[in-house]
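The paragraphs below lead through one protein model, starting with its strands and moving on to its helices and loops. Please keep the sequence and the 3D view at hand while reading.

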Amino acid sequence: MVLFQAILSSNEWQLLWKKKKSIFKLPPFALFIIKAITPLRYNIVLIDESQEDIDYAKISNSVVCISIMTTNARRGYEIADSLCNKRGNTVIMGGIHASALPQEALKHCDSVCIGEIENIWPGMLNDIEKSRLKQVYSSFAKVAPEDISSASYIKGKYIVRNLISLTRG
C-alpha cells in the first residue's frame with residue numbers, strides 16, 4: 001500500500017518546493033492517520049513529495065491512496081493518472097477536495113473516500129481484500145473523540161514529530 005502526499009500544483013511552487021524540500025516541513029497528517037488505523041499485516045510506504053521524488057516504476061500491484069486539498073488537487077490528479085489502472089494499481093483519493101468534488105476525482109481514480117477516514121477505512125479495506133471496491137465510500141458521522149487517531153512518532157525532515165488531533169471540522 002502506498003500513501004501519497006502531493007506538492008502544490010503551481011509550477012512556481014513545485015520548483016521552489018522541490019528545491020527547498022519543503023518550506024513548512026509539516027507532516028501529511030491525514031496519511032499518518034491512515035497508517036495508524038491500518039492493520040499491521042499491510043506493508044505501507046508513505047511518500048511525501050515535498051520530501052522525496054516519486055519513482056513510478058517501483059509502484060505496481062499496490063493500493064495507492066492520495067489525499068488532496070484544492071491547492072494540490074491538480075498535482076494529485078497527475079499522480080493518480082500516472083498510476084491508476086497501470087501495473088495493477090488501484091488508486092483511492094480522499095481529502096477535502098475529493099470529498100467536495102467526488103465526480104471530478106473519479107475521473108482520475110478507482111474510488112473516492114468522502115468524510116472522516118476512521119469511519120470508512122475498515123470497510124474499504126474489507127472490500128479491497130474481497131476485490132469488490134466501490135467507486136464511492138462516504139460517512140458524514142462525526143468521529144468520537146476517543147476514536148480520533150494520533151500520528152505517533154513521525155520520521156522525516158519535519159518540524160514536529162508527534163501530532164495530536166484535538167478536534168475536527
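This model is predicted. A good place to start is the pair formed by strand β3 (residues 63-67) and strand β4 (residues 90-94), which run parallel and are joined over five bridges. One residue pair to look for here is Ser67 with its bridge partner in β4, Gly94.

From β4 the view can move to the next strand. β4 and β5 also run parallel, with two bridges joining them. Met93 is found opposite Val112 in β5. Of the five residues of β5, four are buried, so this strand is largely enclosed by the rest of the structure.

On from there, strand β5 (residues 111-115) pairs with β6, again in the parallel sense, and four bridges hold the pairing. Ile114 has Ser138 of β6 as its bridge partner, and Gly115 stands opposite Ser139 in the same strand, β6. Between β5 and β6 the chain passes through helix α6 (residues 117-129), and the resulting β-α-β crossover is left-handed. Strand β6 itself (residues 136-139) has side chains that alternate between two faces. Tyr137 and Ser139 point to one face and are buried, whereas Val136 and Ser138 point to the other and are not.

These pairings belong to a wider arrangement. The strands form an open sheet of six, in the order β2-β1-β3-β4-β5-β6, with parallel pairing. Which strands stand at the edges of the sheet? They are β2 (45-48) and β6, and each has a single partner strand, so one side of each is left without a neighbour in the sheet. From one strand to the next, the twist averages 20°.

Helices pack on this sheet. α2 touches β1 (2-5), β2 and β3, and its direction makes about 165° with that of β1. α6, the helix of the crossover between β5 and β6, lies across β3, β4, β5 and β6 and runs at about 155° to β5. Strand β3 is thus a place to look for both helices: α2 touches β3, and α6 lies across β3 as well.

The two helices also meet each other. Two packed helices are described by the angle between their axes and the distance between the axes. For helix α2 (residues 29-37) and α6, the axes come within 11 Å and cross at roughly 50°. What does this angle make of the pair, given that values under 35 degrees count as roughly parallel and 65 to 115 as roughly perpendicular? The angle of roughly 50° falls in neither range, and α2 and α6 are therefore oblique to each other. The crossing in which α2 passes α6 is right-handed. On the α2 side, Ile33, Ile34 and Ile37 take part in the contact, and they meet Ile117, Glu118 and Trp121 in α6.

Another helix to follow is α3 (residues 73-83), which contains Arg74. Is Arg74 buried or exposed? Its relative accessibility is 53%, and exposed means over 50%, so Arg74 counts as exposed. Although Arg74 and Ala6 are 68 residues apart along the chain, their C-alpha atoms are separated by 9.2 Å. Other residues of α3 are buried, namely Ala73, Arg75, Gly76, Tyr77, Ile79, Ala80 and Leu83. Arg74 thus sits in the chain between Ala73 and Arg75, both of which are buried. Just after α3 comes Asn85, which takes a positive phi of about 60°.

Positive phi values turn up in two loops as well. Asn61 lies in the loop between β2 and β3. Asn61 is not a glycine, yet its phi is positive, at about 50°. With a relative accessible area of 65%, Asn61 is exposed. The loop between α6 and β6 holds Ser131. Ser131 is likewise not a glycine and has a positive phi of about 55°. The relative accessible area of Ser131 is 69%, which means that this residue is exposed.

How values were computed: Residues numbered from 1 in each chain as written. Predicted model: local features only at pLDDT ≥ 70, side-chain atom pairs only at ≥ 80, totals over all residues. Heavy atoms only, no water. Buried < 20%, exposed > 50% of the residue type's maximum accessible area, 1.4 Å probe, protein only. Pairing = 2+ DSSP bridges. Right-handed = clockwise from strand over helix to strand, strands pointing away. Axes fitted to C-alpha atoms, helices over the stretch in contact; angles between N-to-C directions. Parallel < 35°, antiparallel > 145°, perpendicular 65-115°, else oblique. Left-handed = near helix turned anticlockwise from the far one by under 90°. Contact = heavy atoms within 4.5 Å.
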